[in-house]
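Hi,

Here is the structure I promised to pass on. Have a look at it, and then read on for what turned up.

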Amino acid sequence: MPYQAGAAQCIPFFQESFMTTFIDLWTAFSSVTVPAGETHVRSSGYGVAGVGAADYVPDADQTSTTATPWRRKSANGRWFRISGDRITPKQVGALYDGSDAADALAACFAAAQAIGAGVDLLDGVLTSSKPVRLPLGRSIAFGALTLDFRGVTSATAFPEGGCVVADAGPAAALPNLGAAASLGASTITLASSAAGLLGPGDLIAIYNPANYSWIKQWNGGAIPAGQFAAANRANYRAGEMVEVKAVAGAVVTLDGPLHAAYAPADVQLWKMPNRQLVLNGGALTILAPETVDHGLRLRRLRDSDISGVVVRGGRLAAMELAESFNVVGIGLTCVHRVASGAGEDYGLSLVASQRISLQGDFSGHRHGVTVGTSADLAGNLCLPWRDVAINLAGGTMTARADVNAFGGHGCGQGLKLGGVAYGGLMLGGGDIAVDCSIEPIDTMANWPLLSATELWNWNLDLNVAVNGAGIDPTPNGMGLIDFGSNGAAPDAGCVRGGLMSLRGTVRAPSTIRPIKMYANGLPAGAKLGVTLGLAITAAAPDSVIQTGRNSGDVDLKFSTLGFRDLAGGVGFIPSLPA
């Protein structure tokens with residue numbers, strides 16, 4: 001029988017065991033009668049012919065009266081819902097023509113979740129006036145897709161603080177520790193059985209909610225004077241995330257040693273969500289307005305790959321990754337250009353996360369990348385960051401003129417940086433490895449090209465090429481490479497010793513010393529070993545390397561050290577212990 005527009009046609013489908021009803025538009029399905037024996041409907045489009053063709057099957061639930069863009073009732077009372085391995089926004093109403101696709105995107109994700117399908121976002125540009133909440137656990141495919149939110153003038157419709165959001169949801173409370181857990185231990189004992197609560201592969205957050213608990217943990221229960229004592233450092237709290245290997249009653253075997261020791265009375269235990277963001281494709285570009293805090297906000301993800309994401313804009317940061325575990329991303333671009341006045345303004349804000357490896361371009365009006373902890377808000381776990389790698393190979397990190405491209409806070413451990421940084425590095429935390437070329441941007445008015453503000457140990461492995469020859473900074477007593485000379489900020493963290501290796505090349509201007517190191521806060525008996533292997537080109541006013549006011553036991557060694565063009569200055573000025 002020939003096809004007739006607007007009419008329902010019943011034809012055999014080769015050897016298949018069902019009959020198909022062909023319709024023009026899914027939006028007109030309520031006027032179509034589908035005979036009782038037919039189990040398949042096919043449309044030529046959603047609301048426009050040729051745009052969003054899809055297949056539909058009888059819904060298992062024939063009692064619910066709720067219609068959605070992907071579930072509708074026929075004229076004779078039969079409910080059908082969309083079918084297929086992958087759902088596209090066009091199949092639920094998106095036209096990719098500049099019209100608002102917010103509702104269609106939400107319907108697309110809801111349909112995929114309901115029927116267990118993946119999502120294909122297709123190529124093109126989709127405009128949205130509402131948040132886009134990415135489904136977790138579903139494959140999301142894209143080629144060259146742009147989500148454009150730049151027409152949004154108010155953040156009222158964005159309560160989660162992101163234009164695009166992927167949030168795994170709340171953590172679940174677990175029984176507390178039944179016995180003290182030791183540093184390096186591979187098991188913990190709960191106060192009651194973990195059977196039925198935990199299993200292999202689950203993720204536990206050990207968390208001390210007390211203010212300053214992270215700082216006290218590594219400083220003998222005391223808060224050192226200086227920056228670590230500031231009120232906005234109160235949410236530097238102790239804890240870590242650990243994977244479960246096995247469970248036997250109350251004893252939980254971990255897939256790795258603990259980073260710290262924990263007393264039962266001090267900590268809470270939480271079972272973290274186990275949900276993945278699965279992105280498959282080329283480039284997903286998010287264009288955010290200045291009115292919404294973040295272009296992309298990712299929270300409590302696990303074992304996820306965010307490669308190929310490009311985020312531009314946002315009020316506070318282009319992208320925030322928070323309280324997440326084992327996340328990788330290659331070919332990322334995070335660009336934030338406008339000052340919010342809120343003291344943030346980052347390309348990438350990476351907070352309270354563990355085992356993270358990211359590569360790409362990161363640029364901010366303040367820092368291109370900042371590593372810190374969660375804001376002190378209800379429901380947040382202000383965990384330390386741990387095991388974070390930011391690889392700039394093939395990419396860059398950039399900041400404005402008066403701050404550094406990388407801003408590291410002292411609430412973490414295990415940082416690796418590589419690539420090219422335009423605007424310098426301000427390190428914080430402990431156990432840090434850097435393999436970077438460091439270049440100025442415009443004029444570095446207030447900051448060195450390599451410094452540290454909140455070190456809690458001196459385990460630093462630094463291989464750098466620092467090029468400051470073309471800048472004319474305000475000297476303000478600091479060095480081009482500066483550890484501890486600018487007052488209380490870095491000194492507050494220098495309360496432990498360690499092994500520091502600084503090697504590479506340094507080109508310095510005539511207005512500033514190339515290197516200054518002051519381990520002021522080292523307590524008596526603390527040991528700091530420093531090895532320098534540098535080729536220095538400088539015209540320093542009076543010295544190339546200056547150390548001073550070391551109060552602990554400092555062992556300074558030179559593996560290789562070369563000076564050139566000293567302009568009559570002194571190569572090295574050591575200091576005596578204070």
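To start with one residue: is Tyr-212 buried or exposed? Tyr-212 is buried, as its relative accessible area is 14%. Before going further, please keep in mind that this is a predicted model.

Tyr-212 has something else to show: its phi is near 65°, a positive value in a residue other than glycine. You'll find Tyr-212 in the loop between strand 15 and helix 2. Both of those neighbours come up again below.

**The sheet around strand 15**

Strand 15 belongs to an open sheet of six strands, in the order 13-18-15-16-17-14, and the pairing is antiparallel. At the edges are strand 13 (172–173) and strand 14 (187–189), each of which pairs on one side only. In general, strands of a sheet pair through backbone hydrogen bonds, either parallel or antiparallel. Strand 15 (residues 203–207) runs antiparallel to strand 18 (residues 268–271), and four bridges join them. If you want a spot to zoom in on, take Ile-204, whose bridge partner in strand 18 is Lys-271.

**Helix 2 and its aromatic company**

On the other side of the Tyr-212 loop is helix 2. The structure holds nine aromatic pairs. One of them is formed by Trp-214 and Trp-456, edge-to-face, with 5.5 Å centre to centre and 85° between the planes. Trp-214 lies in helix 2 (residues 213–218), while Trp-456 is in the loop between strand 32 (450–455) and strand 33 (460–467), so the pair ties together parts that are 242 residues apart in sequence. Both Trp-214 and Trp-456 are buried. Ring pairs also link these two with Trp-218, Phe-228 and Tyr-236 into a cluster.

The loop that holds Trp-456 has another residue worth a look. Asn-457 is in that loop between strand 32 and strand 33, and it counts as buried because its relative accessible area is 4%. A polar atom of the Asn-457 side chain lies 3.1 Å from the backbone nitrogen of Asp-431. The side chain of Asn-457 also reaches the backbone nitrogen of Asn-459, at 3.0 Å.

**Salt bridges**

How many salt bridges does a search of the whole structure find? The search gives 16. Here are a few of them.

Glu-454 forms a salt bridge with Arg-233, and their closest N and O atoms are 2.7 Å apart. Glu-454 sits in strand 32 and Arg-233 in the loop between helix 2 and strand 16 (239–248), so this pair ties together parts that are 221 residues apart in sequence. Glu-454 counts as buried because its relative accessibility is 1%. Arg-233 counts as buried too, at 10% relative accessibility.

Glu-320 and Arg-297 make a salt bridge as well, with the closest N and O atoms 2.7 Å apart. Here Glu-320 is in strand 23 (residues 317–322) and Arg-297 in strand 20 (residues 294–299), and the two are 23 residues apart. Glu-320 is buried, with a relative accessible area of 11%, whereas Arg-297 is partly exposed at 25% relative accessibility.

Then there is Arg-300, whose side chain meets that of Glu-323 in a salt bridge (2.9 Å, N to O). Arg-300 is in the loop between strand 20 and strand 21 (302–305), and Glu-323 is in the loop between strand 23 and strand 24 (325–335). Those two are 23 residues apart, and both are buried. They are also part of a network of salt bridges that links Asp-167, Arg-299, Arg-300 and Glu-323.

**A few other spots**

Which residue has the charged end of Arg-71 over its ring? That would be Trp-79, with the charged end of Arg-71 4.1 Å from the ring centre. Lys-90 lies over the face of Tyr-96, at 5.4 Å from the ring centre.

Finally, Ala-352 has a positive phi of about 50° although it is not a glycine. Ala-352 is found in the loop between strand 25 (346–351) and strand 26 (354–363). With a relative accessibility of 0%, Ala-352 counts as buried.

Over to you!

Note on methods: Residues numbered from 1 in each chain as written. Predicted model: local features only at pLDDT ≥ 70, side-chain atom pairs only at ≥ 80, totals over all residues. Heavy atoms only, no water. Pairing = 2+ DSSP bridges. Phe/Tyr/Trp six-rings, centres within 6.5 Å; stacked < 30°, edge-to-face > 60°. Buried < 20%, exposed > 50% of the residue type's maximum accessible area, 1.4 Å probe, protein only. Lys NZ or Arg CZ within 6 Å of the ring centre and 35° of its normal. Salt bridge = Lys/Arg side-chain N within 4 Å of Asp/Glu carboxyl O. Polar contact = N/O pair within 3.5 Å; in protein donor to acceptor, adjacent residues only side chain to side chain.
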